Amino acid sequence: KEFEKLSDFFWSIEKAALTPGAQHSLKEFFQLRERLESTNIHTKDTHYLLVLGETSLTQAHKVYFGSFQGEIKFISSILDKDLSELTPRNRKVVTSQWKTELAHTLEKIEWKKFLQELKNLYSYVYLPVELEVESFTKIETDEMQKIFDKKLKDEIKAALGNVNLDNSGGINRRLESFVDEIKVILNNEYYYGTGQVRYNNITQTDLVNKVLEVYFQKRILYKKENGIEKKVSELSAGEKRQALINLVYAFLKRDSGRDKMIIMGVDEPENSLHTSLCYDQFEKLKEVSKNNQILITTHWYGFLPIVSEGYAHFLRQANEKIHFETYDLFDYRAKIKKDVESSQNEIPHNFILKSTYDLVQAIFYSIRNTQPYNWLICEGESEKIYFEHFFAEEIVSSKLRILPMGGQKKVIRLYNYLEAPIKDEEDKDNLGKIYCLVDTDQTRCAEIGNGIPNLRIKRLSNEGKNSMTKLLSLQHSDTNHTDIEQSLNPSIFQEVVQSITTNEKYHVLHIQNENGNTDFINNLRNFDIKDFFSENEGRNKILFAKKYVEILSGSSDMPPPSWITEIKEFFKP
């Protein structure tokens with residue numbers, strides 16, 4: 001009953017019903033609820049929505065509802081209180097009484113059991129930054145058992161199926177008889193107990209866990225390299241961490257189902273490793289994060305171009321306080337740029353410089369990898385949305401990474417940083433490739449040529465025409481404004497606009513050349529479309545891009561634009 005009351009509250013609560021402080025801190029909750037509801041899988045009729053954790057971690061753990069805990073609307077919901085009981089005169093006293101009653105309610109054994117059941121759904125594995133022999137051995141034998149999959153445990157359980165645990169003459173009966181005899185000899189002054197009413201006997205699960213523990217305690221992990229075998233416990237700290245992450249990857253990569261969800265914390269995966277080796281570590285962590293939750297601390301900004309899904313929380317110290325800046329990794333560079341500008345330089349510029357320098361180094365080492373990465377560097381988030389669709393095959397087969405930089409100048413700057421080291425590289429045949437793409441503004445770009453064999457830079461241009469969009473060098477004299485929205489299929493463009501806005505001034509009424517581009521003046525003859533993309537702080541570009549890809553995905557016979565095909569040719573071996 002209490003779950004139902006709570007779930008009703010969480011499904012229906014509005015920001016306006018909360019205090020300003022709670023509204024601010026619960027932004028992520030409302031975003032999460034919106035995502036759940038948008039799937040049409042999780043609804044109020046099919047799922048409880050409960051947002052809770054625990055507090056008093058150094059004492060008896062207690063259920064805790066975070067920012068909701070002190071909200072009078074929340075308290076009245078869970079306790080079935082009538083808000084009309086509150087008056088200006090008694091509000092303070094009654095609120096205090098309700099909070100005390102809530103605290104007593106959450107002390108009930110049912111809530112404690114629920115909290116324990118909730119925690120039992122998870123296994124937490126932690127890999128610290130410093131790994132001594134003793135701690136490594138403990139992690140290798142004890143921690144790794146937490147991530148064994150259910151299939152393996154079920155197979156061991158099946159093998160133990162005939163073991164007599166509770167029947168006459170079984171293991172539990174014999175052990176109980178033994179400890180009772182000891183208790184009698186000790187005149188009942190001492191006895192063995194678990195401190196619990198239940199779970200006193202050995203279970204089949206206990207035996208499975210013990211089998212795994214003993215099996216791996218009897219074995220030592222070795223690393224075999226160039227025909228030489230060496231105990232992993234004797235390797236350097238960085239190599240030990242590398243071995244553990246490789247093990248975690250191997251265990252979690254097995255898609256065999258688990259009886260618990262895995263949360264893994266890793267301190268500085270890059271510690272004591274050469275940059276070229278860091279890629280493999282972060283790639284493995286990225287791979288297993290698809291089905292598990294991975295938390296990482298790191299000083300290495302090189303992970304940013306590798307991990308494009310998730311969140312990064314940057315910590316900085318100012319005025320003796322620790323500040324957090326949180327960024328969606330899908331478009332972190334553009335967001336960082338905006339934050340630095342809006343903070344009036346409160347966020348220091350070296351925040352970006354550190355990221356840029358590590359980024360350049362990270363990309364350079366990535367294209368020199370044994371299995372090299374390839375890169376498509378673009379201006380913004382909307383470009384990335386289109387490119388992840390158009391280059392879906394290359395993302396898998398050619399390890400292509402798409403990186404939005406947050407503007408034309410930043411793309412050109414990255415190109416300049418990368419040009420010199422790539423030019424000096426002798427073995428260019430085995431290098432990955434980098435393609436930098438920018439829009440055409442109404443002013444000339446920097447005087448840069450086409451690039452070098454492994455590093456190319458071009459700009460989109462319609463040359464003031466309604467035919468095919470072209471890829472021009474930055475030296476070309478054309479300055480007709482062209483961005484990616486003006487370089488798409490005009491028929492799909494028309495369909496997208498009409499599906500996402502009812503404002504007729506934005507609708508495309510006529511297309512001059514259906515086989516051409518989407519030049520707003522020469523093909524679509526609609527000047528108001530420019531205004532549409534500038535509205536909503538530019539977020540309409542993102543909304544449009546997602547809808548365009550959605551419609552394009554349902555049209556199997558629609559070929560990509562010719563300029564996309566040209567870029568694809570560049571990445572072919």
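Contact here means that heavy atoms lie within 4.5 Å of each other. The structure is a predicted model. This briefing covers helix H5, the packing of helices H1 and H4, and two loop residues with positive phi.

**Helix H5**
- Helix H5 spans residues 91–105 and has 15 residues.
- From its first C-alpha to its last, H5 reaches 21 Å, close to the 21 Å expected at 1.5 Å a residue.
- The residues Val94, Thr95, Trp98, Leu102 and Thr105 of H5 are buried.
- These residues cover an arc of only 100° around the axis, which puts them on the same side of H5.
- Lys92, Val93 and His104 are exposed, on the face of H5 turned away from its buried side.
- The cover over the buried residues of H5 includes helix H1 (2–12), helix H4 (72–79) and helix H6 (109–119).

**Packing of H1 and H4**
- In contact with each other are Lys5, Leu6, Phe9 and Phe10 in H1 and Lys73, Phe74, Ser77 and Ile78 in H4.
- The axes of H1 and H4 are 8 Å apart and form an angle of about 150°.
- Angles over 145 degrees count as roughly antiparallel, and H1 and H4 are therefore roughly antiparallel to each other.
- The crossing of H1 past H4 is right-handed.

**Loop residues with positive phi**
- Asparagine 187, which is not a glycine, has a positive phi of about 55°.
- Asparagine 187 belongs to the loop between helix H9 (171–185) and helix H10 (204–217), and is exposed with a relative accessible area of 66%.
- Glutamate 320, also a residue other than glycine, has a positive phi near 60°.
- Glutamate 320 sits in the loop between strand E8 (311–318) and strand E9 (321–328), and counts as exposed at 77% relative accessibility.

Methods:
Residues are numbered from 1 along each chain as its sequence is written. This is a predicted model: local features need pLDDT of at least 70, side-chain atom pairs count only at pLDDT 80 or more; totals for chains, interfaces and linings use all residues. Side-chain values use heavy atoms; hydrogens and water are left out. Helices (H or I, at least four residues) and strands (E, at least two) are DSSP runs, numbered from the N terminus. The expected span of a helix is 1.5 Å times one less than its number of residues. Buried means under 20% relative accessible area, exposed over 50%, partly exposed in between (1.4 Å probe, protein chains only). The arc is that of the directions from the helix axis to the C-beta atoms. Axes are lines fitted to C-alpha atoms, for helices over the stretch in contact, and angles run from 0 to 180 degrees between N-to-C directions. Angles under 35 degrees count as roughly parallel, over 145 as roughly antiparallel, 65 to 115 as roughly perpendicular and the rest as oblique. A crossing is left-handed if the near helix is turned anticlockwise from the far one by less than a right angle, and right-handed if clockwise.
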